[in-house]
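Subject: Structure handover

Dear colleague,

Here is the structure you asked for. My notes on what was found in it follow below.

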Amino acid sequence: MPNLTEYAEAGRQAVVAASIVCREIQNNLDAVRTITKDDKSPVTVADYAAQAVVAMVLKEHIGEFVLVAEESSSFLRDEDNAAILSAVVAAVQEVWDDATADSVLNAIDLGSGDTSHHKYWTLDPVDGTKGFLRNQQYAIALGFIEDGTPTIGVMGCPNLAVDMSMPFDERDEHGCLYYAIQGLGVWETRCDDGDAPVIHITRLDHVETEEISVCGSVEKAHTNMSDTDRILDWIEENGLGQAGEPARLDSQCKYAVVARGQADAYLRLPARKGYVERIWDHAAGCCIACESGAFVTDIFGKNLDFSHGRGLEVNKGIVCAPPRVHGLMLRAIKELGIGQPKD
Ligand code: AMP
Ligand code: MG
C-alpha cells in the first residue's frame with residue numbers, strides 16, 4: 001500500500017488535472033451558459049468534470065480507494081440532460097483524450113463511497129460555486145481522512161496568485177496549489193502544471209504590533225458578518241489589538257490564505273441556526289492550515305471531528321488562526337456569547 005507521501009502526490013496530480021479542466025471551462029463560461037441556457041449549468045459542468053477527473057487520476061495512481069465526493073451522476077444519466085453530459089465529456093477530454101460518456105459517468109460514480117470506512121478521500125470538486133461564477137476564487141478541494149482526522153489536504157486554487165500582493169478578486173494566470181501531509185508540513189506549487197517545482201512553506205506568525213487581518217465568506221448566508229465585526233470591535237475596545245477591514249473571498253482558499261500568512265484568521269460564524277458544515281468543505285483546508293501551525297477549531301474551541309459521516313455534526317462554525325490570534329478570537333466569542341442559545 002502506498003505511503004502518505006505517494007498518496008499526496010497522487011492527490012496533487014488529480015487536483016492539477018481537475019484545475020486545468022476548470023480553468024478551461026471558466027475561460028468559456030459564457031459559451032457554456034449559452035449551450036445550456038441555465039445559470040447553474042456551467043458550474044454543474046465544472047463540478048461533474050472535476051469530480052470525474054479527480055477520480056480517474058486517483059484510480060490511475062493508486063488503484064482501489066474510497067472517495068466520498070459531493071456530486072452524483074444521476075442528473076447526468078437523465079436523458080433530458082444529455083446536452084450537459086456532452087459538455088462534461090468535452091471538458092474532461094481536455095486532460096483525458098479518450099473519455100466517453102460511459103467512462104465519465106463511471107468515474108463520477110467512484111465518488112459515491114461512504115464514510116463508514118477507516119480511511120477515505122473526500123472531494124469538493126468545485127468549492128465556492130458563487131466565486132466560480134463571478135470569475136473570482138474557488139477551489140478543488142481533496143482531503144484524505146483517517147479515523148476522523150484529515151491526514152492529507154490538497155487544494156487547487158485556480159484563480160489565486162502565489163504573489164500575495166495581488167487582489168483576491170482578480171484571476172491569476174496560473175493559480176496555485178497547496179498540499180499538506182500530517183506531521184510533514186505544507187507545500188506550495190502551481191495548479192496548472194503537475195511537474196512544477198514545489199516549495200515547502202512556513203507560515204509567518206502574526207506580529208503583535210500589526211493589524212489583525214481576518215478573512216471570511218463573500219456570501220452573507222455562509223457566515224455571520226455582524227458577529228465578525230463585533231469580535232473585532234471587542235478586541236480593539238479591550239486594547240488587545242487593532243483590526244483591519246476583513247477580506248472576503250469564496251471557498252476553502254481562505255484556509256490557504258491563513259496557512260501562507262496572508263491573513264491572521266479565517267472566521268466562519270454560524271449564520272443559520274442548525275446548519276451542519278460538510279466534510280468536503282473543510283477536510284483539505286483544515287489539514288493545510290494545521291500543518292502551517294495554525295489552530296483549526298469550531299467557535300467553542302473544539303477540534304473539527306470528521307468521524308460523524310458527511311457532516312461536522314458535533315462542531316459549530318470555524319475559527320482558523322495561528323495560536324495567539326486563535327486564543328483572542330475564542331475569548332471574544334465567549335465574552336460576546338456568540339453561538340449561545342439566545343443567538
Ligand atoms: P464559502 O465559499 O466559504 O462561502 O463557502 C461555500 C460553501 O458554503 C458551500 O460549499 C456550501 O457547502 C456551504 N454553505 C451552504 N450554506 C451554508 C450556510 N448556511 N452556512 C455555512 N456554509 C454554507
Ligand atoms: Mg463546497
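A residue counts as buried when its relative accessible area is under 20%. Phe 144 is at 3% relative accessibility, so Phe 144 is buried. Trp 121, at 1%, counts as buried for the same reason. Please keep in mind that this is a predicted model.

Aromatic residues

I start with the rings, since Phe 144 and Trp 121 belong together. The structure holds seven aromatic pairs. In one of them, Trp 121 and Phe 144 sit 4.9 Å apart, centre to centre, with 50° between the planes, and the pair is tilted. Trp 121 lies in strand β2 and Phe 144 in strand β3 (residues 139-146), so this pair ties together parts of the chain 23 residues apart in sequence. A further pair is made by Phe 132 and Tyr 138: the ring centres are 4.8 Å apart and the planes are at 80°, so the pair is edge-to-face. Phe 132 has a relative accessible area of 0% and is therefore buried. The value for Tyr 138 is also 0%, so Tyr 138 is buried. Trp 121 and Phe 144 also join Tyr 7 in one aromatic cluster.

The magnesium ion

Ligand 2 is a magnesium ion, coordinated by Asp 124, Asp 127 and Asp 281 through OD atoms at 2.0 to 2.3 Å. Along the chain these donors follow the spacing D-x2-D-x153-D. Distant parts of the chain are linked here: Asp 124 is in strand β2 (residues 119-127), while Asp 281 is in the loop between β10 (265-268) and α10 (283-291), 157 residues away. Asp 124 and Asp 281 are both buried. Strand β2 thus appears twice in these notes, with Trp 121 in the aromatic pair and with Asp 124 at the metal.

Ligand 1

Which residues are around ligand 1? They are Asp 124, Asp 127, Ser 217, Ala 221, His 222, Asp 250, Ser 251, Lys 254, Arg 268, Tyr 275, Glu 277 and Asp 281. This shell divides into seven charged, three polar and two nonpolar residues. The magnesium donors Asp 124, Asp 127 and Asp 281 are included in the shell.

Some individual contacts of ligand 1:

- An oxygen atom of ligand 1 lies 2.6 Å from an N or O atom in the side chain of Asp 281.
- A nitrogen atom of ligand 1 is 3.1 Å from an N or O atom in the side chain of Tyr 275.
- At Ser 251 the partner is a polar backbone atom, 2.6 Å from an oxygen atom of ligand 1.

Ligand 1 exposes 510 Å² when taken alone, and the protein buries 84% of that.

Backbone angles

Most residues other than glycine have a negative phi. Two residues are worth a look on this point. Ser 251 is not a glycine, yet has a positive phi of about 80°. Ser 251 is in the loop between β9 (247-248) and α9 (253-259), and with a relative accessible area of 8% is buried. Asn 135 also has a positive phi, near 60°. Its place is the loop between α7 (129-133) and β3. Is Asn 135 buried or partly exposed? The relative accessible area of Asn 135 is 31%, so Asn 135 counts as partly exposed.

Regards

Methods. Residues are numbered from 1 along each chain as its sequence is written. Chains are lettered from A and ligands numbered from 1 in the order in which they are written. This is a predicted model: local features need pLDDT of at least 70, side-chain atom pairs count only at pLDDT 80 or more; totals for chains, interfaces and linings use all residues. Side-chain values use heavy atoms; hydrogens and water are left out. Donors are N, O and S atoms within 2.8 Å of the metal (3.2 Å for Na, K and Ca); water is not among the atoms, so sites may look incomplete. Helices (H or I, at least four residues) and strands (E, at least two) are DSSP runs, numbered from the N terminus. Buried means under 20% relative accessible area, exposed over 50%, partly exposed in between (1.4 Å probe, protein chains only). A residue is near a molecule or strand if one of its heavy atoms lies within 4 Å of it. A polar contact is a pair of N or O atoms within 3.5 Å; within protein, one must be able to donate a hydrogen and the other to accept it, and residues adjacent in sequence count only if both atoms are side-chain atoms. Accessible areas come from the Shrake-Rupley method with a 1.4 Å probe; for residues, only the protein chains shown count as cover. Ala, Val, Leu, Ile, Met, Phe, Trp, Tyr, Cys and Pro count as nonpolar, Asp, Glu, Lys and Arg as charged, and the others, Gly among them, as polar. Rings of Phe, Tyr and Trp (its six-membered ring) pair if their centres lie within 6.5 Å; planes under 30 degrees apart count as stacked, over 60 as edge-to-face and the rest as tilted.
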